[in-house]
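Open the structure in your viewer and keep the selection panel at hand. The stops below go in order, each with something to select.

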Amino acid sequence: MNLNTSYMGLELKNPIIAGASPLTASTDSIKRLEEAGAAAIVLHSIFEEQINHESHEIDHFLFKGSDSYAEAVGYFPDMELSNLESEHYLEEIATLKKDLSIPLIASLNGVSKGGWIEYAGKLQEAGADGLELNITYIPTDPDMDGRTVEQLYIDALQTVLDTVDIPVSVKMNAYFSAPANMARRFSELGAKGLVLFDRPVHVDIDLEELTAEQTINYSSSADLSESLRWTAILYKKLEASLCISTGIHTHEDLLKGMMSGADAVQITSALLQHGEGHIATVLDNLVAWMEEKEYVSIEQMKGSISLHHTVNPAAYQRANYMRILTEYRY
Amino acid sequence: MSKKFETIDGNEAVARVAHKTNEVIAIYPITPSSPMAELSDTYSSKGEKNIFGSIPDIMEMQSEGGASGSVHGALQTGALTTTFTASQGLLLMIPNMYKIAGELTPTVFHVAARSLAAQALSIFGDHSDVMSVRQTGFALLASGSVQEAHDFALISQAASLRSRIPFLHFFDGFRTSHEVSKIEMIDEETMKSMIDEELVTAHRERALSPDNPFIRGTSQNPDVYFQGRETVNSYYDVLPDIVEEEMQKFGELTGRHYRLFDYIGAPDADRVIVLMGSGAETAHEAAEYFAEQGEKIGIVKVRLYRSFSAKHFIESLPKSVESIAVLDRTKEVGGTGEPLYLDIVTALSEMNETDTLPFEMPRIIGGRYGLSSKEFTPAMVKAVFDELSKASPKNHFTIGIHDDVTHTSLEWDETLSIEKDDVLRGVFFGLGSDGTVGANKNSIKIIGNGTDNYAQGYFVYDSNKSGSMTTSHLRFGPNLIRSSYLISDANFVACHQSVFLEKFDILKYASKGATFLLNTPFSREIVWSRLPAKVQREIIDKSLKFYVIDAYSVAKKTGMGRRINTVMQTCFFAISGVLERELAIEKIKESIEKTYGKKGRKIVEMNYAAIDNTLEHLHEVDVPESVIGDRPLQPAVKGNYDDFVAQITAKLIEGEGDDLKVSQIPVDGTWPSGTTQYQKRNTAIEVPLWDPDVCIQCNKCVIVCPHAAIRSKVIDESALEKAPENFHFIKAKGKTFEEDEHFTLQVAVEDCTGCALCVEVCPAKNKSQTNLKAINMVEQEPLRETGEKNWEFFMELPNYDRSKLDHAKAKESQFLEPLFEFSGACPGCGETPYVKLASQLFGDRMVIANATGCSSIYGGNLPTTPWKKNADGLGPAWSNSLFEDNAEFGLGFRLAIDKHTENARNLLSSLKEEVGVELAQSILNSEQHDEPEIFEQRERVAALKEKLASMKGNEAKRLRSLANYLVKKSVWMMGGDGWAYDIGYGGLDHTLASGKNVNILVLDTQVYSNTGGQESKATFTGAVAKFAAGGKAQLPKDLALMAIAYENVYVARVSMGANDAQTVKAFIEAERYDGPSIIIAYSHCVAHGYDLKYGMDHQKLAVDAGLWPLFRYNPQLALEGKNPMSVDYKGPKIDVKNFMYQETRFKMVEKINAGAAKEYLETARTHAATMFDRYKNLEAYYEKEAEKIAEQEEAVMQAETAEKTGAQS
């Protein structure tokens, strides 16, 4: 059984990538993920704000109160600080690279052209095999039009591509007016992979505290739909390879993903819910299914039910939607 | 070898040498010497080695007494050992200093010389401390400048090893210890050449060792002790020669030559001044200047003061000398003169007597100068020379003050300046929080390190920890700068906060034609009319070049927030001409890269952007020919103040305290209470504004306010008739209050520091706009006028009847008048809410002993003080003795008060018939258990005093003076953890064991906050603090548990942010308990490293993490057969990390040593769990004990009942 696949130029032993999550934030659990069969790891995301925030925070609090009062010209010893949060991340990559045999993809989350771009270069130096760029931006300013937002994304990607040589993927969101067009622009710019899709954190309201709050948002197999749709639509239309990151919980979800045209999938919520060993379960079930159905390789099924190949292309398009609604009415 | 220059301060100059030439360093913080210890700790934490190739061991001790003991021990076991100290700290070392010297042990103590606490504490510089140890046997070597401090640190080390005489190397506190100056550094090779390894070996071979056993430190009898003391004479006889030889050797190695006594001036001088320390540098500059003008004058700088070599001194004097003035920077009350004067008189007289004086015996006069860093200027030097010219010069004079009582002072010409034209002199006025001082230190380094110019910076801070003004005095010039005095005629004046122009006469510092830079929100077109008329007049009269910049808008635009340091620094370089503009900007950028590079690119880029945006916003103002408008300066004081405040306090506030005459100063250190109310500091940019519609009247904002600037009252409707238009009130909620009573909440907008703690704790949210609460921060300035009126009206409203309030309820306790207000504590201070609470509950009968530290500074630092009286003239009586003795000091209060009470009761008993038996009995029998009872007792005592007024006889007279002691007095000892856990622990422990009715409040910030955050035994595991630069590995001491062990001590651990109800309850119980009580109060602090508006949240986090257990142990309950132990928290609810990593003090460890950080977390986690188990077990144990007692009582009762029943049957 050949489970091999290629994603953003990286050769993977199977299509399962452990997506960015707290499980990919510790060396121990990353090792367990590899043991369970993960073909690649996306490290937990480091946010643009995190990189700058810690600098700002330390600078601020070491400065605050200093040189204000004769008896206390400062409140902290003047030490060399080396382990800034972002540097931790770099060290982690360097350490993991020694211990792991599977590719390691760093994950950067940001949108401005700040100092964090430079950080992408450091990730490469530290040994990351690839870089996943998450550039979800929530435009709260009503004066900001869609074109401006799109350009923001394009500029961020361009700057990162100018900085690194390792393959870069873009973790997109599904909220563009024309996702396919954005996907193509990312791909044409040089993104080697597209990850479909980013799930923004849930927003909720705490009725006791009367505050808005953000909560963790586990996906389920039911959330696979959008990713399937757009993978199927984009299959064979782009240079960039495709990866489904939302709604992959079971071997069945994985199969659907591959058939819609994905080159790989990322599992995150299911691992957080069931532990690292869940990868082994999915792989076992996948192999069993493929054996039963007499598939010999993953390549064989890739894109087999995409817009390009499906017997029912309308299933991914508006006409079909109309039909479902119509049927429902009758 | 090429010369290496660095621009550093005196403390660093010394620490660099001391760390390189020692193996063990025992330390303890005390201003102004602490930085030497901090730097040594930092060097060792970074792994820096000494010249012998090892990293010196740094050990923080519990006091200077402890430090000197350890130094003594380490020396006796052969390690090269040093310590740093000042002032009272040095006095604590005296016992060991005698021992160290008596045993001929080489060492150097480096002392940043400071005033001693006498009528008041002072942190500033003079020689009172070092003069107090001149008899110990230590050699005393004086440095007068940063360069000398660096050089003499090495010379003294070398000379000590050779002579075996221990050295005290001293330099003037602040003036030298904190002056930043460009100096030539001693390289390691030179150090190695100066320190003879053979002598180090010899020292080691004299060590106590079981391999070479002997006994040292015997007890001697009359037969040999005397002779023993005389055995060392020969060592002291040769000491001056040894020091001179070492100086010579040093001169050959470095090119910098010193002598035991250095003469400067005309070779044929007839008048000579003798002095030591930094004043000698000023005198040097003045002597050269006036000698060049033909005056026959000169000065002698004393370097080696002990052993005093008369021979070398005489050799230094010109043969032409006719009169000598000896200046001492100390005061020896009741003596025949100050120490240096006496030494000189003796030396010359003795030589004169033996005909060995190579010239006619000169006339010698002595004088005092410069106490507590009082300015000493060339004009004063000139006045002393002029005095020497008189036929009958004044002896035992003072210079620098105006003594209109005993007329000791000499007058001087305050307008005289000898500053040279080639020196750029800049004076900068900034706010503590705006980075002015930091930027100026940076500018000095840029010029000092990057050009051939010499550079000097000295910084003056004000008395408050919040909204404090800083003044930077900077000199740059092509020649060595000796001017160790403040700049009075600057050619560059910068005012970084325009509000200062309205408060202080800033332009008095500007010389004619100087440049004046102002940070102002007003453009160059309109700024003129916004200036006070006096300022406009000075700009015109002095022909100043006037520049403006809106630095805040540039800083905001470039992401710098309210830090305008880089912007103002760029302006300085752009218009001062000290460097070519392009070069200057390049240098600033280089230094920014160096300073901020480690903190990330973003910070560097932000600063670059600030520089790049500055010049286009910097404008020269066309100065009009006339003054526009008549805008006045702000008055220094406001309100209904007395003459003392008008004549004295106001002067201090205006910065004109130097002009006050001796007759105007209280003779015994007694100052009036409650003067902060007259100093309207207006430091807040934003203040809270009350929204009565949202308020739930919980008073949480009132209880947490560190400055008592937000208060509530419940008043009768009738009192509100004349309320100002914008004075809000609402119907009072709660069963305590009547139908027609109203609640109002008011903010003292001019006294508020804008910390926003109140807004953060407010639990009430606006239902329509949940981002708003019942109080919200708004801009201060528009509120000033109405705020002032409202506050005035509010303060005149009556306070609620204390006897009707339940003081044990947090909410109701806040209707009690605070008798501690508007202190100079940091904005958002975590200590003062507890202090204020105590003043509300017990203020009218409190006596407070306050340990030195933050609480003694915000509690008692001039110009204005926060402890005040109520309308009846009653209030806390407060005093600070020292740091180490506070518990003993307070215990003394208790003993005296108890004695007064006992005498009063005895007198009353014997006068029972005369005053009326009923009145006497009711007074004698009153238990005064609670507030209403105390109130009644006060009424009774008033009646008694009325009767006594007309009674005759000695007993009645005595009782009249003691009658007030029949009303219960509440004795408190307050202080920080540095006092309670470390330096004062012995006394505190003894006080706890005394069984006396005292109350101890420990304001536990887990560091020595006042001196800048040094580790104490209260410091949490895993926290970075000064002296624990790599993070504290040990567990904090559990002072509470230790106190419980006495069983008869009331003990509470409280945290207002976690549980204010428990806090208030603990205060009431502790005070009510008739025995020793200790409350250990978690206090958040600027040294924890987070925004203090979240202080109360963090207090709660500390409790939730289990690192600050809340409990009360009340022995009174045990006496009543109940469980005395009440654990008031639910154990660790969150992981320690969720508390610790919210604060820079813990987070920093991760950035310094990630491996250790992990271990610390684990230790803290285990500690939290262990403490909870321990306290719960204790609670369970006492519960069982209580049950046992109940059972026993039950059994007794049953037996009694059975007995009765049996008898009946």
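Is Arg303(B) buried or exposed? Arg303(B) has a relative accessible area of 5%, so it is buried (buried means under 20% relative accessible area, exposed over 50%, partly exposed in between, with a 1.4 Å probe and protein chains only).

This is a predicted model, in which local features need pLDDT of at least 70 and side-chain atom pairs count only at pLDDT 80 or more, while totals for chains, interfaces and linings use all residues. Residues are numbered from 1 along each chain as its sequence is written, chains are lettered from A and ligands numbered from 1 in the order in which they are written, and side-chain values use heavy atoms, with hydrogens and water left out.

**Stop 1: salt bridges in chain B**

Keep Arg303(B) selected and add Asp262(B): their side chains form a salt bridge, 2.9 Å from N to O (a side-chain nitrogen of Lys or Arg within 4 Å of a carboxyl oxygen of Asp or Glu). Asp262(B) is in strand β9 (residues 261-265) and Arg303(B) in the loop between β11 (297-302) and β12 (304-306) of chain B, 41 residues apart. Helices (H or I, at least four residues) and strands (E, at least two) are DSSP runs, numbered from the N terminus. Asp262(B) is buried as well, at 14% relative accessibility.

Next, select Lys382(B) and Asp386(B), a salt bridge whose closest N and O atoms are 3.2 Å apart. The two sit four residues apart in helix α14 (residues 378-389) of chain B, so about one helical turn separates them. Lys382(B) is partly exposed at 21%, and Asp386(B) is partly exposed at 33%.

Then go to helix α43 of chain B, where Glu1179(B) and Lys1176(B) lie three residues apart, about one turn of the helix. Their side chains meet in a salt bridge at 2.9 Å, N to O. Glu1179(B) counts as buried at 16%, whereas Lys1176(B) is partly exposed at 33%. For a network joined by shared salt-bridge partners, select Lys3(B), Asp151(B), Glu184(B) and Arg256(B).

**Stop 2: aromatic rings**

Over all chains there are 48 aromatic pairs (rings of Phe, Tyr and Trp, the last by its six-membered ring, with centres within 6.5 Å; planes under 30 degrees apart are stacked, over 60 edge-to-face, the rest tilted). Select Phe820(B) and Tyr858(B): the ring centres are 6.0 Å apart and the planes at 70 degrees, so this pair is edge-to-face. Phe820(B) is in the loop between α27 (810-813) and α28 (832-842) of chain B and Tyr858(B) in helix α29 (residues 854-860), so the pair ties together parts 38 residues apart in sequence. Phe820(B) is buried at 1%, and Tyr858(B) is buried at 5%.

Move on to Phe1111(B) and Tyr1175(B), with centres 4.5 Å apart and planes at 35 degrees, so the pair is tilted. Both residues are buried.

**Stop 3: where the chains meet**

Show both chains. In contact (heavy atoms within 4.5 Å) are 38 residues of chain A and 59 residues of chain B. Tyr69(A), Glu71(A) and Tyr75(A) lose the most area to chain B on the chain A side, together 17% of what that side buries. The buried area between the chains is about 4,300 Å² (accessible area, 1.4 Å probe, that two parts lose on being put together, summed over both).

Three salt bridges are counted between the chains. Finish on Asp67(A) and Lys441(B), whose side chains form a salt bridge at 2.9 Å, N to O.
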